[in-house]
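Q: Please take me on a close look at one part of this structure. I'd like to start from a single residue and work outward from there.

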Amino acid sequence: MRKVSFVIASPSFLMRSALDGLIQQRPHAEVVKQITNNFMLTDQVQHYRPDYAILDTALLRLTNDFNLINEFPGTSTTRFIALSPDQEYGLANAKFYDVISYLEEFDSIHQKIETWVNQLSHDEDDNCSSRDLSKQEKKVLQLLALGQTNKEVAEKLFISTHTVMTHRKNITRKLGIKTVSGLTVYAILNKLVDVADIQRQV
């Protein structure tokens with residue numbers, strides 16, 4: 001299995017170091033390049049063609065280089081992550097796959113990185129194990145089957161609501177089940193939850 005590659009572009013040594021440390025903890029992930037300034041930012045990202053490029057919006061503002069993410073060929077698979085002081089910035093900009101806030105909690109960033117890496121790892125494995133759920137996806141499915149909302153799941157697992165929604169998309173894609181009732185039946189049949197636990201929630 002190949003490693004999922006990341007490029008981190010940020011003027012902040014602390015942010016680069018923290019993200020590098022979190023990514024390198026994953027056995028199937030690696031940081032192929034840290035970029036510290038806006039010099040040839042576009043060229044460097046294009047050269048390494050990572051699976052994920054985490055771009056500090058401070059660098060994009062310095063270079064007025066917001067067109068960077070439009071300059072890749074249509075076949076590029078690089079996903080751009082906004083690193084921003086504004087949690088809503090990346091989500092408001094449809095060009096970004098996801099967003100990391102400067103003020104985001106450590107556990108939340110950790111879960112996002114895990115989700116991104118698992119997403120591509122599972123994409124590679126889809127031909128042989130498309131129905132396999134990750135450990136975190138099973139936890140999300142268990143709570144959804146017990147009637148928990150996205151917000152409640154996020155609070156119990158100490159992750160963001162956005163991450164819960166990403167897990168739900170992955171679960172739906174892997175299982176081919178779109179409704180909560182269908183997911184609940186799947187969870188019962190696969191012994192992820194007990195019928196008695198569901199009845200106690202009613």
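A: Arginine 26 sits in the loop that links helix H1 (13–24) to strand S2 (29–35); helices here are DSSP runs of H or I with at least four residues, strands are E runs of at least two, and both are numbered from the N terminus. This is a predicted model, in which local features need pLDDT of at least 70 and side-chain atom pairs count only at pLDDT 80 or more, while totals for chains, interfaces and linings use all residues. Residues are numbered from 1 along each chain as its sequence is written, and side-chain values use heavy atoms, with hydrogens and water left out.

Is arginine 26 buried or exposed? Its relative accessibility is 18%, so arginine 26 counts as buried (buried is under 20% relative accessible area, exposed over 50%, partly exposed in between, with a 1.4 Å probe and protein chains only). Setting aside neighbours within four places in sequence, arginine 26 has contacts with Ile113, Glu114, Val117 and Asn118, contact meaning heavy atoms within 4.5 Å.

Following the loop into S2 brings us to the sheet. Its five strands form an open sheet in the order S2-S1-S3-S4-S5, paired in parallel; two strands pair if DSSP finds at least two bridges between them. S2 and strand S5 (98–101) are the edge strands, and each has a single partner, so one side of each has no neighbour in the sheet. On average, neighbouring strands are turned by 20° against each other, direction ignored.

Next to S2 comes S1, and the two pair in the parallel sense through six bridges. Valine 7 has lysine 33 in S2 as its bridge partner. What makes S1 largely enclosed by the rest of the structure? Six of its six residues are buried, which means that S1 is largely enclosed. Both of its faces are covered, with Val4, Phe6 and Ile8 buried on one side and Ser5, Val7 and Ala9 buried on the other.

Elsewhere in the sheet, strands S3 (residues 52–56) and S4 (residues 79–84) run parallel and are joined by five bridges. There, aspartate 56 faces leucine 83 in S4. H1 packs on this sheet, touching strand S1 (4–9), S2, S3, S4 and S5, and its direction makes about 165° with that of S2 (axes are lines fitted to C-alpha atoms, for helices over the stretch in contact, and angles run from 0 to 180 degrees between N-to-C directions). Helix H2 (residues 41–48) packs on the sheet too: it touches S1, S2, S3 and S4, at about 155° to the direction of S2.
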